[in-house]
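This briefing goes through one protein chain for a reader at the bench. Please keep the sequence and the structure in view while reading the points that follow.

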Amino acid sequence: MSVYCAFVRPDGVACRGYASKQTGYCWHHDPAREAERATGLREGTAAPPSGEPATILPEPATLESVDDVHRLMVSVSNYLATVPRADTARAHALCTSAGVLLRSIGVRGLQQRLRTLEAELAEATTRTTELERRLQQSRQTTDQQRQTIAQLRQHLRAATRAQENQREVA
């Protein structure tokens with residue numbers, strides 16, 4: 001007997017679900033499990049009580065932070081642990097949503113951090129540009145001062161030579 005389900009779809013493709021050893025079909029295609037599939041329950045799970053279903057959350061939750069999602073997960077865990085006929089499908093859906101929310105919160109945090117870093121980079125770039133401008137001005141000033149010093153040295157040498165020439169003439 002194959003480990004895969006014996007069901008073949010109308011297009012001729014075989015089901016790739018794992019087969020039960022007793023029937024050769026997976027849970028989804030086993031004709032003996034038609035009633036279970038109709039109720040949406042597997043053997044060993046409890047149906048929600050008729051009438052008012054137990055609520056997982058006492059009130060709608062705002063899920064905008066990791067702490068909010070943590071509180072939701074605590075509520076789901078308490079619900080599953082204390083309600084005898086818990087709606088496990090809803091609990092599973094909430095847990096899946098919580099995982100998506102946590103990733104979303106993480107992405108949102110990264111986006112905020114990226115915006116902050118981009119703003120800091122723009123500020124640093126502006127400061128760097130200003131410092132480079134000041135450095136260029138300082139270099140120009142230094143070059144002008146060097147030229148002035150060189151001119152003063154030439155004048156000093158010329159004045160010293162003129163004094164020496166006057167002493168020699170005198």
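**Briefing on the predicted model**

The structure holds one aromatic pair. The partners are Tyr4 and Tyr18, whose rings are stacked, with 5.6 Å from centre to centre and 20 degrees between the planes. The model described here is a predicted one, and the points below take up the pair again before turning to the fold, the core, the salt bridges and the confidence of the prediction.

**The aromatic pair**

- A pair of aromatic rings is described by the distance of the centres and the angle of the planes.
- For Tyr4 and Tyr18 the angle is 20 degrees, and the pair counts as stacked because planes under 30 degrees apart are classed in that way.
- Both Tyr4 and Tyr18 lie in the segment before H1, 14 residues apart, and the pair links distant parts of the chain.
- Tyr4 is partly exposed, at a relative accessible area of 28%, whereas Tyr18, with 63%, is exposed.

**Fold and surface**

- The chain contains three helices and zero strands, which gives the pattern α-α-α when it is read along the sequence.
- Of the 170 residues in the chain, 11% count as buried.
- The accessible surface of the chain comes to about 13,700 Å², and carbon and sulfur atoms contribute 55% of that area.
- Among the contacts in the chain with a separation of 6 or more, 29% are accounted for by residues 24 or more positions apart.

**The nonpolar core**

- The largest nonpolar core is made up of six residues, namely Val69, Leu72, Val76, Ala91, Ala98 and Ile105.
- At least two residues of this core are supplied by helix H2 (66–82), and at least two by helix H3 (88–169).

**Salt bridges**

- Seven salt bridges are found when the whole structure is searched, and those described here include one between Asp11 and Arg9 and two that involve Glu130.
- In the salt bridge between Asp11 and Arg9, the closest N and O atoms are 3.1 Å apart; Asp11 is exposed, with a relative accessible area of 51%, while Arg9 is partly exposed at 41%.
- Which residues are linked with Glu130 in a network of salt bridges? The partners are Arg133 and Arg134, which together with Glu130 form that network.
- The side chains of Arg133 and Glu130 meet at 2.4 Å, N to O, and these two residues of helix H3 are three residues apart, or about one turn of the helix.
- The side chains of Arg134 and Glu130 meet at 3.1 Å, N to O, and here the partners are four residues apart in helix H3, which means that about one helical turn separates them.
- Within this network, Arg133 counts as partly exposed, at 39% relative accessibility, and Glu130 is likewise partly exposed, with a relative accessible area of 28%.

**Confidence of the prediction**

- The mean pLDDT of the chain is 84, and 86% of its residues reach 70 or more.
- Among the elements of the chain, helix H3 has the highest mean pLDDT, at 92, whereas helix H1 (residues 34–39) has the lowest, at 70.
- Helix H3, with that highest mean value, is also the helix in which Arg133 and Glu130 both lie, and it supplies at least two residues of the largest nonpolar core.

Technical notes
Residues are numbered from 1 along each chain as its sequence is written. This is a predicted model: local features need pLDDT of at least 70, side-chain atom pairs count only at pLDDT 80 or more; totals for chains, interfaces and linings use all residues. Side-chain values use heavy atoms; hydrogens and water are left out. A nonpolar core is a set of buried Ala, Val, Leu, Ile, Met, Phe, Trp, Tyr and Cys residues joined through side-chain atoms within 4.5 Å. Buried means under 20% relative accessible area, exposed over 50%, partly exposed in between (1.4 Å probe, protein chains only). pLDDT is the predictor's confidence in each residue, from 0 to 100. A salt bridge is a side-chain nitrogen of Lys or Arg within 4 Å of a carboxyl oxygen of Asp or Glu. Contact means heavy atoms within 4.5 Å. Accessible areas come from the Shrake-Rupley method with a 1.4 Å probe; for residues, only the protein chains shown count as cover. Rings of Phe, Tyr and Trp (its six-membered ring) pair if their centres lie within 6.5 Å; planes under 30 degrees apart count as stacked, over 60 as edge-to-face and the rest as tilted.
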